[in-house]
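Keep the sequence and the model open side by side. This walk goes through charged pairs, two acidic residues and a cavity.

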Amino acid sequence: MSKIITLGEPLMRMTPPGFQRVKETKEFKATIGGAELNASVNLANLGHEVAFVSALPGNDLGENVRNFLRERHIDDQWVKREEGRLGVYYVEEGYGPRSAKVTYDRAYSSFLQVASQEWDWEAIFDSCQLFHVSGITPALSPSLKELTLKAVKEARERNVLVSFDCNYRSKLWSEVEAKLAFEQILPYVDVCFAGQKDFTNIMNEGPEESFHPQLLEKYFRKAALEYGISLFACTNREVRDSQNHQLQGFLFKNDQLFESQKHSIQVLDRIGGGDSFAAGILHGMVEDLNETSVLDFGMASSILKHTVKGDHSSFSEDEVFGFMNAHLHDVVR
Ligand code: KDG
């Protein structure tokens, strides 16, 4: 098992019960989310030693999230106590043909203050094997973009493997802003989670076309050469309706594309499905599974997440392997 560092913003997620609309509901269920925090929870479930670099307000809401991190065995020594507030996001869940809707309320968050702080990167990355961050963090402010860039460079200098999930969120920044940031970050990245739309819409690799594995392979190959990235992975999702999706996984390594089976899945909650895919892929990679098994472990981790409510799950390594062996692929451990 590895020592892993993640960097990102914790968010409180507010969800109206029973598929009610946010503009009408009188009740919300509060849970905790945030892309990198979700990946941290999943990686800790899989047995890794995970430390989260972040900030929380010094009030009871901040304490609530800090308690959550501790319960989930995530090291919070690099979670600073800052002025500002806890970011919140509201999820109106989709039902049948009605799709889900996300509303952010995250201005003036404590996490926005961390960029101006001095960080002891030597201590943070001490004996660390992997660093994971996503495109949500640099989207939040120009100074968080600088912090993300600084963090990937500091990790790279110490031979820590750098993982970056593009995680493009159109409500946070434009495709042009994302492109400029990704071009700066990608030269320091070893493992990248990017789908066909990230290449066409953000990295300007060509006109947007319907999904095709050969196109994806072409984009992966070009970016691998251009940025020196050793592994790419993504899922492609065909949405039939809010509860029925078809999910297929792709992994590109050593100039070869690996494709998983297409899985028809029933979706209880799709949020965080990408974070659990990333966690599963990273786990398979650091545990030295072969490429097909890495991909299937990522898929199993993601499919399991879709079956539980909330942004992350609590499946252990044995449970993910059990599901994978029963439903996806036999693997010799
Ligand atoms: O990947 C899931 C995240 O999108 C969710 O947890 C909320 O971090 C979040 C965001 O910024 O959208």
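Start with K222, which is partly exposed because its relative accessible area is 42%, between the cut-offs of 20% and 50%. The model is a predicted one. K222 meets E205 through their side chains in a salt bridge, with 3.0 Å from N to O. The two residues belong to distant parts of the chain, 17 residues apart. E205 sits in the loop between α7 (196-202) and α8 (213-227), while K222 lies in helix α8. E205 is also partly exposed, with a relative accessible area of 21%. That value is not under 20%, so E205 does not count as buried.

Side chains of opposite charge can pair when their charged atoms come close. How many salt bridges does a search of the whole structure find? The count is 22.

Another of these pairs joins R156 and D190, whose closest N and O atoms are 3.0 Å apart. This pair too links distant parts of the chain, here 34 residues apart. R156 is in helix α5 (residues 142-157). D190 is in the loop between α6 (175-185) and β11 (191-193). Is D190 buried or exposed? D190 counts as buried because its relative accessibility is 12%, under the 20% cut-off. R156 is partly exposed, at 28% relative accessibility.

Now take E154 and R158. They form a salt bridge with closest N and O atoms 2.7 Å apart. E154 has 11% relative accessibility, so it counts as buried. R158 has 26%, so it counts as partly exposed. In this pair, then, the acidic residue is buried and the basic residue is partly exposed.

Salt bridges can also join into a network. Which residues are linked in this way? They are R13, E93, D269, K309 and D311.

Turn next to two buried aspartates. D76 is placed in the loop between β5 (74-75) and β6 (79-82). Its relative accessibility is 11%, which means D76 counts as buried. The side chain of D76 has a partner: a polar contact of 2.8 Å joins it to the side chain of R70.

D275 has its place in helix α9 (residues 273-286). With a relative accessible area of 7%, D275 is buried. Where does F193 stand relative to D275? Along the chain, the two are 82 residues apart. In space, their C-alpha atoms are separated by 9.8 Å.

Finish inside the protein. One cavity reaches the cut-off of 30 Å³ or more. The volume of the largest cavity is about 50 Å³. What lines the largest cavity? The lining is made of N42, N45, L46, S301, L304, S313, F315 and V320. Two elements, α1 (35-45) and α10 (291-306), give two or more residues to this lining.

The character of the lining is evenly split: four residues are nonpolar and four are polar. No charged residue takes part. The lining also brings the domains together. Domain 1 (3-233) supplies at least three of its residues, and domain 2 (234-333) likewise supplies at least three.

Notes
Residues numbered from 1 in each chain as written. Predicted model: local features only at pLDDT ≥ 70, side-chain atom pairs only at ≥ 80, totals over all residues. Heavy atoms only, no water. 1 Å grid on protein atoms, 1.4 Å probe; cavity = no way out; pocket = protein on both sides within 12 Å on 5 of 7 lines; lining within 4 Å. Points joined across faces, edges and corners; volume = space filled by probe spheres on them. Helix = DSSP H or I, 4+ residues; strand = E, 2+ residues; numbered from the N terminus. Nonpolar A, V, L, I, M, F, W, Y, C, P; charged D, E, K, R; others polar. Domains from an automatic or database assignment. Salt bridge = Lys/Arg side-chain N within 4 Å of Asp/Glu carboxyl O. Buried < 20%, exposed > 50% of the residue type's maximum accessible area, 1.4 Å probe, protein only. Polar contact = N/O pair within 3.5 Å; in protein donor to acceptor, adjacent residues only side chain to side chain.
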